[in-house]
Amino acid sequence: MWCHRLSHLQSRLQDLLRGRVTRWALQQSNFKSLFPLAIYWHHTASKSLNCVWQQHEDHFELQYANNVMRFDYVWLRDHCRSASCYNSKTHQRSLDTASVDLCIQPQTIHLDETTLFFTWPDGHVTRYDLDWLMKNSYEGQKQKVIQPRILWNAEIYQQAQVPAVDFQTFLETKEGLKNFLQNFLLYGIAFVENVPPTQKHTEKLAERISLIRETIYGRMWFFTSDFSRGDTAYTKLALDRHTDTTYFQEPCGIQVFHCLKHEGTGGRTLLVDGFYAAEQVLQKAPEEFELLSKVPLKHEYIENVGECQNHMIGVGPVLNIYPWNKELYLIRFFKGKNMVNRQWNSSLKSYSLERTLAYYCHIHGTTNEYRENLI
């Protein structure tokens, strides 16, 4: 890797150049035989800033904030934030990407305080703040967690004693909404209490969080065990651990459940942290985690009840991760639904994909499961 090849040079340069600014061009004939391309080292150091960069034929290499980053010149030109290239009001690019020469190189590069200036062959100047480059670099993205979470089993969640938010406080104060969102983002579940048992108030609560999405069931809907729809949720059968709408191309991100009326016994809601279960798979069977995150499955919903005629298909792996930092962000898992693998690898791997996450949820069910009455 290029960063490994340069690591010993960087450490030596830091010792040699610490405390001053130096430009070193390797132009001697003996160096040309070793380096066919012109290479320029720049270094600046102060109490608050330590920045080293190197120019290559097709990319720019930057060492800053204890990170070594690579930027293609065409990327740097295309992402220019000048007024002629970028509309800061709409946050949209004005520059025609197709007009950028794929072999473009800057004529000059210089640093002023914490801003790098790139002057291009046509005279256009692009400026980048060092922290912006760090934030938007591939190397910076690998270190950034998009959504911090607290992974939990039943014991962890019960000990956390996460408080519910009062309905009126939730609706009328920013603090109430903030507390709800913090609970939800950290744990994946959150509770609002004292909500009047009507669809109107439930809808008002949902709209306080976000827009309500249209689905084949509608925006808001009632369901009970009358089999009015072709889904197990409309029966008296117990539902195993699952995530809903796996058959959507984009499964629902937030779901709101409100028990308006309860008669008889049972009916408690079973909650399991799928992210915690996925972490167990990663720690105990990393090869299975890799399969779960790479091999796509076809998730189907087939309904033929009365006037409800629906056939929906969503495709994706069980575990969906960001490719740059391997952070898990979405789970598609419902073994009761039609999950079909077209034998991408082998039948053994196909079966293991469907069984691994279920195994850890089921075998450790007594410790993972948290049950709540939504009444």
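Me: Which residues form a nonpolar patch on the surface with about 200 Å² of accessible area together?
Reply: In this predicted model, local features need pLDDT of at least 70 and side-chain atom pairs count only at pLDDT 80 or more, while totals for chains, interfaces and linings use all residues. Residues are numbered from 1 along each chain as its sequence is written, and side-chain values use heavy atoms, with hydrogens and water left out. A patch takes residues with over 30% relative accessible area and no salt bridge, its nonpolar side chains (Val, Leu, Ile, Met, Phe, Trp, Tyr) being joined within 5 Å. The residues of this patch are Ile150, Ile156 and Leu186.

Me: Is Ile150 buried or exposed, or partly exposed?
Reply: Ile150 lies in the loop between helix 5 (138–143) and helix 6 (154–160). Buried means under 20% relative accessible area, exposed over 50%, and partly exposed in between (1.4 Å probe, protein chains only). Because its relative accessible area is 32%, Ile150 is partly exposed.

Me: Which strands stand at the edges of the open sheet with the order 8-9-10?
Reply: The sheet has 3 strands with antiparallel pairing, where two strands pair if DSSP finds at least two bridges between them. Each edge strand has a single partner strand, so one side of each is left without a neighbour in the sheet; these are strand 8 (108–112) and strand 10 (125–129).

Me: Why is the sulfur of Cys85 not bonded to that of Cys80?
Reply: A disulfide is a pair of cysteine sulfur atoms within 2.5 Å, and a search of the whole structure finds 0 disulfides. Cys85 is buried, with a relative accessible area of 2%. Its sulfur is too far from that of Cys80 for a bond, because the separation is 4.0 Å.

How values were computed. Patch = residues over 30% accessible without salt bridge, like charges linked within 9 Å, V, L, I, M, F, W, Y side chains within 5 Å. Areas by Shrake-Rupley, 256 points an atom, 1.4 Å probe, with all protein chains shown as cover. Salt bridge = Lys/Arg side-chain N within 4 Å of Asp/Glu carboxyl O. Helix = DSSP H or I, 4+ residues; strand = E, 2+ residues; numbered from the N terminus.
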